[in-house]
Amino acid sequence: MEPPSGSASRQHVPWSRLLLAVSLLTFWTPPTTAQPTIETVPPLAAEGSNVLLLAHNVSENPLGYAWHRGERVDNTQLIALYRVDNNATTNGPVYSGRETLYPNGTLLIWNVTQRDTGSYTLLVTKNDLQTEIQTGHLHVHPPVARPSLQASNTTVTEHEGPVVLTCLTDETGVSIRWFFKGQSLLLAERMTLSSDNSTLTIDPVSREDTGDYQCEASNRGSSSRSNPLRLRVTWQENSRALGVGAITGIVIGVLLVLTPLAVLGRFIFLHRRKWPPASTSGECLFSPGQRGAPGRPCPVCSCLPPPGSLALSLGLQHRGP
């Protein structure tokens, strides 16, 4: 955290007289209506972070600032006092070595701990010897321990399930979020969360669910994310491809067989229409339009060979003498 502009002097000067003056001014001088305000940045502090107590609406060109622990001005709870006229800072009885008081009245506390939780009071002494008092509050949240992630099964077959992912944490009062491949998880229709978000159920499982899952536990001041857990979803894509290939081969084979048969059948049909009728005995007969009695033996006519002969299967014609 970057401190505000200006530097704090570390001159150690006697402060007993300053404390006495501050006490007298606080006792005899009533506060004015214009009051400063205290802003805590960040408003929700995690243990180990740095916190600023920013002083807003402070009178211009004051004589000095004094920060105290607690909700009132108490010299025994003085953290530090800053004098504007000589740019001098005096540390008080409760100064821990982690506080820095800046010339604009802002107090910086480094590496805050649970013991720093509480109220802080700023006393501003103006040029007319009047004072302004305002109190701010700091609450330091403990860091969240890293949760762990467990799965009912890390390798599953597609369209089977369910797979149950459980976020385990010893923390109380924390909220839980889920992450998939490093991004906030978008719940699909196949996914359901328990009422406290600690359990994620996927049923059925899809190949799209393959990847790394994480859960994050957080309180008002800090958060911690689990190590990634990889879910693997297998499917029968290779077997299906072989099945399609086999079916395709069968179809092609059937077409290769049926096509020549169809061509041969049409060839025989077209040529057979040109042949005259033949007797079952293999004799050549007169056909209509020829000289002679139809159906009588014709010694010079074209005729079909006897049924079952090789000439019939090849579609050849037999000529008489």
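**Close-up views of the predicted model**

**View A. Thr155 stands opposite Arg232 in strand 21.** The model shown here and in the views that follow is a predicted one. Strand 13, made of residues 155-157, pairs with strand 21 in the parallel sense, and 3 bridges connect the two. A further partner of strand 21 is strand 19 (residues 211-218), with which the pairing is antiparallel, again over 3 bridges. In that pairing, Gly211 is the residue opposite Leu231. Strand 21 itself covers residues 229-234, and its side chains alternate. Leu229, Leu231 and Val233 are buried and point to one face, whereas Arg230, Arg232 and Thr234 point to the other face and are not buried. In a regular strand, such alternation between the two faces of the sheet is the rule for side chains.

**View B. A disulfide joins Cys167 to Cys215.** The sulfur atoms of the two cysteines lie 2.1 Å apart. The torsion about the S-S bond of Cys167 and Cys215 is about 75°, and the disulfide is therefore right-handed. Distant parts of the chain are linked by this pair: Cys167 belongs to strand 14 (residues 163-168) and Cys215 to strand 19, with their positions 48 residues apart in sequence. Both Cys167 and Cys215 are buried. A search of the whole structure finds 1 disulfide.

**View C. An open, antiparallel sheet is built from 4 strands in the order 1-3-8-7.** Strand 1 (37-41) and strand 7 (99-101) form the edges; each has a single partner strand, so one side of each is left without a neighbour in the sheet. From one strand to the next, the twist averages 15°. Strand 1 runs antiparallel to strand 3 (residues 51-56), and 5 bridges join the two. Within this pairing, Leu52 of strand 3 is the bridge partner of Val41.

**View D. A second view of an open sheet shows 5 strands in the order 6-5-4-9-10, paired in the antiparallel sense.** Strand 6 (88-91) and strand 10 (131-138) are the edge strands, each pairing on one side only. On average, and with direction ignored, neighbouring strands of this sheet are turned by 15° against each other. Strand 4 (residues 64-69) and strand 5 (residues 78-83) pair in the antiparallel sense, with 5 bridges between them. His68 faces Leu78 of strand 5 across this pairing. The loop between strand 4 and strand 5 contains Arg72. Arg72 is exposed, with a relative accessible area of 55%. Although Arg72 and Tyr120 are 48 residues apart in sequence, their C-alpha atoms are 8.3 Å apart in space.

**View E. Arg98 and Asp116 meet in a salt bridge through their side chains.** The N to O distance is 2.9 Å. Arg98 lies in the loop between strand 6 and strand 7, and Asp116 lies in the loop between strand 8 (107-109) and strand 9 (118-125), so the pair ties together parts that are 18 residues apart in sequence. Asp116 has a relative accessible area of 4% and is buried. The structure holds 9 salt bridges. Side chains of opposite charge can pair when their charged atoms come close.

**View F. Lys126 forms a salt bridge with Glu132.** The closest N and O atoms of this pair are 3.9 Å apart. Lys126 is buried, its relative accessible area being 13%. Glu132, at 1% relative accessibility, also counts as buried.

**View G. The side chains of Asp209 and Arg190 meet in a salt bridge.** Their N to O distance is 2.7 Å. Asp209 is placed in the loop between strand 18 (199-202) and strand 19, and Arg190 in the loop between strand 16 (183-184) and strand 17 (191-193), so the pair ties together parts that are 19 residues apart in sequence. Asp209 counts as buried at 3% relative accessibility, whereas Arg190 counts as partly exposed at 22%.

**View H. A network of salt bridges links Arg177, Glu216 and Arg225.** Glu216 falls within the residue range 211-218 of strand 19.

**View I. Val257, Leu258 and Leu261 make a nonpolar surface patch of about 290 Å².** Leu258 has its place in helix 2, which comprises residues 237-272. With 49% relative accessibility, Leu258 counts as partly exposed.

Terms used. Residues are numbered from 1 along each chain as its sequence is written. This is a predicted model: local features need pLDDT of at least 70, side-chain atom pairs count only at pLDDT 80 or more; totals for chains, interfaces and linings use all residues. Side-chain values use heavy atoms; hydrogens and water are left out. Two strands pair if DSSP finds at least two bridges between them. Axes are lines fitted to C-alpha atoms, for helices over the stretch in contact, and angles run from 0 to 180 degrees between N-to-C directions. Buried means under 20% relative accessible area, exposed over 50%, partly exposed in between (1.4 Å probe, protein chains only). A disulfide is a pair of cysteine sulfur atoms within 2.5 Å. Patches are made of residues with over 30% relative accessible area and no salt bridge: like charges are joined within 9 Å, nonpolar side chains (Val, Leu, Ile, Met, Phe, Trp, Tyr) within 5 Å. Accessible areas come from the Shrake-Rupley method with a 1.4 Å probe; for residues, only the protein chains shown count as cover. A salt bridge is a side-chain nitrogen of Lys or Arg within 4 Å of a carboxyl oxygen of Asp or Glu.
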